[in-house]
Amino acid sequence: LVCGKYFQGRGPKSHAYFHALEENHHVFINMETQKVYVLPEGYEVTSKSLDDIKYVSDPRYTKQEVAEIDRRPRASLTIAGKEYVPGYVGMNNIKENDYLNVVVQALSHVAPLRNYFLLEDFSSSKSELVKRTSILFRKIWNPRAFKSHVSPHELLQEVALRSNKRFTLTRQSDPVDFLSWFLNNLHLGLGGSRTKPGSSIVQRFFQGKLKSE
């Protein structure tokens, strides 16, 4: 929680354990369970003072909060007192990933798609791409963020993996090409069919119609 680096495990032979010893960084949060541990000792911390950090790492919304997003956009404050508007935040350009950033920013403002990803619980979803898209959308619209920008790093990792490195953070790609790939794979990840029309929320909102005369 100090340097923002991700490690696996917390046992005596894990990377997190060695990082705690080498760098004196002792507080770690499990990104899946939201439990907080102190390493190298390995005990769990249950302090209420960590609730804000847990919310920032995995924001959750009520139906009422989502319904009010477009009715009255309101400014929020970062931990440093800087004003920002949820939904209109920067995304880190880690290296050459701006092509992905513009697509994610645009899709996060398609209201029906955004609301779906803000409200649905994808913790049991088999698709890692769907999970990470949902988390990033929720962070983009977070009214209690510590900073006025978010990192797409977790989503980028999964995109590179699923696309067999066709889309990576080290090589520039065409945003339109990525948009097509991204929507198709979200559609399949949400249980969509290759043949049945309207079989996922992505297809219902983005599938065009052809009128033949």
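Biologist: How do β1 and β2 pair here, parallel or antiparallel?
Modeller: Antiparallel, over three bridges, with β2 covering residues 36-38. Keep in mind that this is a predicted model.

Biologist: Okay. Which residue in β2 is the bridge partner of F28?
Modeller: That's Y37.

Biologist: And what sheet do these strands belong to, and in what order do they run?
Modeller: An open sheet of three strands, in the order β1-β2-β3, with antiparallel pairing. The edges are β1 (27-29) and β3 (43-45), each of which pairs on one side only.

Biologist: How much are neighbouring strands turned against each other?
Modeller: By 40 degrees on average, ignoring direction.

Biologist: Back to Y37 for a second. What lies over the face of that ring?
Modeller: R10 does, at 3.8 Å from the ring centre.

Biologist: Where else does an arginine lie over a ring face?
Modeller: Over W141: R114 is placed there, 4.8 Å from the ring centre.

Biologist: Switching to ring-ring contacts. How many aromatic pairs are there?
Modeller: The structure has 13. One of them joins F7 and F28, edge-to-face, with 6.5 Å from centre to centre and 65 degrees between the planes.

Biologist: Which parts of the chain does that pair link?
Modeller: Distant ones: F7 is in the segment before α1 (15-23), F28 is in strand β1, and they're 21 residues apart.

Biologist: Are those two buried or exposed?
Modeller: It's a mix. F28 is buried, because its relative accessible area of 14% falls under the 20% cut-off. F7 comes out at 33%, so it counts as partly exposed, sitting between the 20% and 50% limits.

Biologist: And Y116 with F122, why is that pair called edge-to-face?
Modeller: Because their planes are at 65 degrees, and anything over 60 is put in that class. The ring centres are 5.8 Å apart.

Biologist: Same question on burial: where do Y116 and F122 fall?
Modeller: Y116 is partly exposed, with 23% relative accessible area. F122 is buried, at 10%.

Biologist: Last one. Which rings are linked into a cluster?
Modeller: Y99, F167, F178, W181 and F182, joined through ring pairs.

Biologist: So let me recap F28: what should I note down?
Modeller: Three things to jot down. F28 has Y37 as its bridge partner in β2, forms an edge-to-face pair with F7, and is buried.

How values were computed. Residues are numbered from 1 along each chain as its sequence is written. This is a predicted model: local features need pLDDT of at least 70, side-chain atom pairs count only at pLDDT 80 or more; totals for chains, interfaces and linings use all residues. Side-chain values use heavy atoms; hydrogens and water are left out. Two strands pair if DSSP finds at least two bridges between them. Helices (H or I, at least four residues) and strands (E, at least two) are DSSP runs, numbered from the N terminus. Axes are lines fitted to C-alpha atoms, for helices over the stretch in contact, and angles run from 0 to 180 degrees between N-to-C directions. Rings of Phe, Tyr and Trp (its six-membered ring) pair if their centres lie within 6.5 Å; planes under 30 degrees apart count as stacked, over 60 as edge-to-face and the rest as tilted. Buried means under 20% relative accessible area, exposed over 50%, partly exposed in between (1.4 Å probe, protein chains only). A charge sits over a ring if NZ of Lys or CZ of Arg is within 6 Å of the ring centre and within 35 degrees of the ring normal.
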